[in-house]
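Here is a short walk through one protein model. Keep the sequence and the 3D view side by side as you read.

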Amino acid sequence: MTEILNKFKKIKKRYSEIMKEELKLFDENAEDRIIELQNNIISAKSRYSCAMCGSCCRLAATPNSPDDLKKLAESGDKFAQEFTKYFKLYEDFDTIKSLYPDYFDTVDLVNEKLYFYHCDLVTENNLCPKYEERPQICKDFPENPIDILPVACSFKKWQDDVLDDILRLRAITEILNLEKEVE
Ligand code: SF4
Ligand code: SF4
């Protein structure tokens, strides 16, 4: 079983425990708790710094095909606009596998259709020649604490640290949405 499937199973179990806790705790302060959790997640990230491994420049995986990204960019999606400007599709799957063999133990390629992209600008020393003007998506990476990160990424520990906060955030949001539906 891949690392990601194991991770999903653990997350699902933990989510159902947290959902039960949050259903008991739920009150009129739910919106404040959401803000508090969001702040915790952001401030926890500042405890880690980029190890400058260059992996996120050389390998970006997404379920979006180049056509999907083009459409998103045309519809005004800022992430897609920056991504399509800098990242190109890997045409040769064997090249990607030889570059990052470990990464493919973490993704479920049978059930997940993924496209792999790379930025040509990154140097052999893992530096960005446009560092000061690099796009916001590069400045923010990793932004989503539940994204699958490259194996060497120093922010993996951040994801572990904030997992419970993320699940609580989701649980409270789900309860709030359900409450609005029945109102
Ligand atoms: S623009 Fe710079 S930081 Fe962004 S992916 Fe390319 S090399 Fe990496
Ligand atoms: S993968 Fe993580 S550690 Fe490596 S360059 Fe990107 S942000 Fe930094």
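Leaving aside its neighbours within four places in sequence, which residues is Leu-37 in contact with? Three residues answer: Asp-165, Arg-168 and Leu-169. Keep them in mind. This is a predicted model, and the contacts of Leu-37 are a good place to enter it.

Start with where Leu-37 sits. It lies in helix H2. Leu-37 counts as buried because it has 20 C-beta neighbours inside 10 Å, and 20 is the number at which a residue is called buried. Its partner Asp-165 is 128 residues away in sequence, yet the two C-alpha atoms are 5.9 Å apart.

Now step back to the whole chain. It has 8 helices and 3 strands. Read along the sequence, they come in the order α-α-α-β-α-α-β-α-β-α-α. The C-alpha atoms fill a box of roughly 50 × 40 × 35 Å along the principal axes. Of the 183 residues, 15% are buried. Take the contacts with a separation of 6 or more: residues 24 or more positions apart account for 79% of them.

Return to the partners of Leu-37. Helix H8 covers residues 156-182. Its 27 residues should span 39 Å at 1.5 Å a residue, and its end C-alpha atoms are 38 Å apart, so the two values agree. Where does H8 bend? The bend is at Val-162, by about 55°. Val-162 is also one of the buried residues of H8. The others are Gln-159, Ile-166, Leu-167, Arg-168, Leu-169, Ala-171 and Ile-172. An α-helix has 3.6 residues a turn, so residues three or four places apart point the same way.

Two other pairings across the sequence are worth finding. Ile-11 is placed in helix H1, residues 3-25. With 14 C-beta neighbours inside 10 Å, Ile-11 counts as partly exposed. Its C-alpha atom is 8.3 Å from that of Leu-167, although the two are 156 residues apart in sequence. Then look at Ile-42, found in helix H2. Ile-42 is exposed, with 11 other C-beta atoms within 10 Å. Its C-alpha atom is separated by 9.8 Å from that of Trp-158, which is 116 residues from it along the chain.

Next, the nonpolar cores. The largest has 14 residues. Which of them touch the most other members? They are Phe-83, Phe-87, Leu-149 and Cys-153. Helix H3 (55-58), helix H5 (78-86) and strand E3 (115-119) each give two or more residues to this core. E3 gives the most, with 3 residues. Not counting residues up to four places away in sequence, Phe-83 touches Leu-69 and Ile-137. Apart from this core lies another, of 8 residues. Its members include Ile-166, Leu-167, Leu-169 and Ala-171. These four are also among the buried residues of H8. In soluble globular proteins, nonpolar side chains tend to be buried together.

The model also holds ligands. Around ligand 1 are Cys-57, Tyr-86, Cys-119, Leu-121, Val-122, Cys-128, Lys-130, Arg-134 and Cys-138. By class, this shell has 7 nonpolar, no polar and 2 charged residues. Ligand 2 has 13 residues around it. Which come nearest to ligand 2? Cys-50, Ala-51, Cys-53, Cys-56 and Cys-153 do. The shell of ligand 2 divides into 10 nonpolar, 3 polar and no charged residues. Cys-153 appears here as well as in the largest nonpolar core.

Last come some backbone details. Most residues other than glycine have a negative phi, and most peptide bonds are trans. Met-52 has a positive phi, near 50°. Its place is in the loop between helix H2 (30-45) and H3. Is Met-52 buried or exposed? It counts as exposed, because it has 11 C-beta neighbours inside 10 Å. Asn-126 has a positive phi too, near 65°. Asn-126 is in the loop between E3 and H7. It is partly exposed, with 14 other C-beta atoms within 10 Å. Finally, a cis peptide bond joins Phe-141 and Pro-142, with omega about -10°. Pro-142 lies in the loop between helix H7 (136-140) and H8.

Key:
Residues numbered from 1 in each chain as written. Chains lettered and ligands numbered in written order. Predicted model: local features only at pLDDT ≥ 70, side-chain atom pairs only at ≥ 80, totals over all residues. Near = placed C-beta within 6 Å. Nonpolar A, V, L, I, M, F, W, Y, C, P; charged D, E, K, R; others polar. Core = buried A, V, L, I, M, F, W, Y, C linked by C-beta atoms within 7 Å. Buried ≥ 20, exposed ≤ 12 C-beta atoms within 10 Å, placed from the backbone. Contact = placed C-beta atoms within 7 Å. Expected span 1.5 Å × (residues − 1). Bend = angle between axes of the 7 residues up to and from the residue.
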